Amino acid sequence: MIEAFEKSQGPWADVEKYVGRYAGMDFSPDIIDHAKGTYLFTESGEKILDFTSGQMSSTLGHSNPEIVTTLQQTVQRLDHLYSGMLSRPNINLSKNIASKTGENLKKVIPLSTGSEVNEAALRMAKLVTGKFEVVSFNKSWHGVTQASAGATYASARKSGAPTSPGQLSIPTPYTYRPNFFNSEGEYDWHKELDYGFEMVDAQSVGSLAACIVEPIVSGGGILVPPKGYLAALKEKCRERGMLLIFDEAQTSLGRTGEWFAYQYDDVEPDILTLSKTLGSGLPLAALVTTDKIEKKAHEKGFLFYTSHVNDPLVAAVGCTVMNIIERDNLCQVTKEKDKLC
Ligand SMILES: Cc1ncc(COP(=O)(O)O)c(C=O)c1O
């Protein structure tokens with residue numbers, strides 16, 4: 001490890017010369033040679049348990065053999081298409097996702113990354129409501145593009161430049177270290193939520209479009225909201241004509257024992273965004289919304305036409321990921337493992 005960290009020799013000399021930095025910190029101190037299942041293998045011969053599961057994305061482990069086969073078989077027939085064209089893998093992926101999201105969330109737009117899909121969700125919410133203000137938790141991470149970064153408070157905010165206009169934050173519910181108490185000295189999340197929206201109402205210019213949150217906060221600490229919180233949050237949104245967006249980059253696809261974490265509280269969002277876990281490490285994301293919202297957005301000219309929207313190769317991977325989770329009953333497996341903790 002120490003040797004590998006030696007900056008003046010081997011690959012690190014090339015890193016110093018050629019590799020641009022993007023994380024505000026040093027790279028991990030060893031070069032990864034390959035990855036398999038839950039392990040990483042470094043050039044210096046170490047075998048490391050990958051607790052990060054890639055960038056929190058490798059739902060089914062690295063180089064899962066069935067995903068490798070899907071990639072090999074698909075790429076020979078279909079890799080990438082003109083963005084206005086459809087193929088079976090996209091249609092199947094959308095249908096698979098819609099079969100798990102319940103009655104209302106039925107329309108799916110497959111994209112590539114978490115930042116991008118949140119960007120799309122916020123754009124759609126602004127278009128459909130005709131408003132522009134966005135509320136999110138003060139410990140949020142929704143991405144690095146303009147709108148998703150604007151709704152991000154956990155870090156990476158202090159660039160000194162303006163974010164998207166109309167960004168407002170509310171306190172993140174935090175059962176373990178609460179700031180709001182009732183007369184018995186217990187955590188009072190109702191008071192916290194009311195206070196948050198009092199602040200929102202005071203600061204809003206009357207153009208509240210959406211509230212975007214994770215149903216379990218990940219990047220800001222693993223913070224599970226108290227039972228009833230998400231329903232109360234949805235009610236606050238309803239009262240103000242705002243759309244509720246759940247960002248399930250980290251919490252979906254069986255990670256919490258359900259397909260989607262919002263299913264624990266049975267509080268359906270207006271727009272659901274999926275990313276990381278859906279491609280099990282490959283760049284795949286999906287925006288999921290209702291017929292009504294999709295129709296309204298389309299009629300108002302919704303445009304999110306990227307080069308990789310509806311790409312067939314990663315859509316085929318998404319189908320394989322979902323099929324494995326279903327076939328191997330991985331939601332149940334997660335629940336069983338949780339009981340052991
Ligand atoms: C909850 C959440 N949303 C969105 C993102 C952004 O996703 P991406 O890095 O794929 O753009 C992340 C990334 O860590 C995330 O944790």
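## A tour from Thr172 to the ligand

Start by selecting threonine 172 and asparagine 138: their side chains are joined by a polar contact of 2.6 Å. Keep in mind as you click around that this is a predicted model.

**Stop 1: around threonine 172.** Stay on threonine 172 and colour by secondary structure. You will find threonine 172 in the loop that runs between strand E6 (167–170) and helix H8 (189–203). Is threonine 172 buried or exposed? Its relative accessible area is 4%, and buried means under 20%, so threonine 172 counts as buried. To see what surrounds it, select Phe137, Asn138, Lys139, Glu192, Val217 and Leu223; these are the residues in contact with threonine 172 once neighbours within four places in sequence are left aside. Asn138 in that list is the partner from the opening polar contact.

**Stop 2: the ligand.** Now select the ligand and show the residues around it. There are 13 of them, and the closest are Gly114, Ser115, Asp247, Gln250 and Lys276. Colour this shell by class and you should see 2 nonpolar, 8 polar and 3 charged residues. Which helix gives the most to the shell? Highlight helix H6 (residues 114–129), which contributes 3 residues.

Next, turn on distances, taking three residues in turn:

- Aspartate 247: a polar side-chain atom is 2.6 Å from a nitrogen atom of the ligand.
- Glutamine 250: here a polar side-chain atom sits 2.8 Å from an oxygen atom of the ligand.
- Tryptophan 141: this time look at the backbone, where an N or O atom lies 3.3 Å from a nitrogen atom of the ligand.

With those distances still on screen, add a surface: of the 390 Å² of accessible area that the ligand has on its own, the protein covers 83%.

**Stop 3: leucine 278.** Move on to leucine 278, in the loop between strand E9 (271–274) and strand E10 (285–290). Leucine 278 has 0% relative accessibility and so counts as buried. What does leucine 278 touch, not counting residues up to four places away in sequence? Select Leu93, Ile97, Leu253, Leu284, Ala285, Ala286, Gly318, Val321 and Met322 to see the answer. For a sense of scale, draw a C-alpha to C-alpha line from leucine 278 to leucine 122: the two are 20 Å apart in space and 156 residues apart in sequence.

**Last stop: the whole chain.** Zoom out and colour by domain, with domain 1 at 15–51 and domain 2 at 65–340. Place a marker at the C-alpha centre of each domain, and the two markers will be 29 Å apart.

Methods
Residues are numbered from 1 along each chain as its sequence is written. This is a predicted model: local features need pLDDT of at least 70, side-chain atom pairs count only at pLDDT 80 or more; totals for chains, interfaces and linings use all residues. Side-chain values use heavy atoms; hydrogens and water are left out. A residue is near a molecule or strand if one of its heavy atoms lies within 4 Å of it. A polar contact is a pair of N or O atoms within 3.5 Å; within protein, one must be able to donate a hydrogen and the other to accept it, and residues adjacent in sequence count only if both atoms are side-chain atoms. Accessible areas come from the Shrake-Rupley method with a 1.4 Å probe; for residues, only the protein chains shown count as cover. Helices (H or I, at least four residues) and strands (E, at least two) are DSSP runs, numbered from the N terminus. Ala, Val, Leu, Ile, Met, Phe, Trp, Tyr, Cys and Pro count as nonpolar, Asp, Glu, Lys and Arg as charged, and the others, Gly among them, as polar. Domain bounds come from an automatic or database domain assignment. Buried means under 20% relative accessible area, exposed over 50%, partly exposed in between (1.4 Å probe, protein chains only). Contact means heavy atoms within 4.5 Å.
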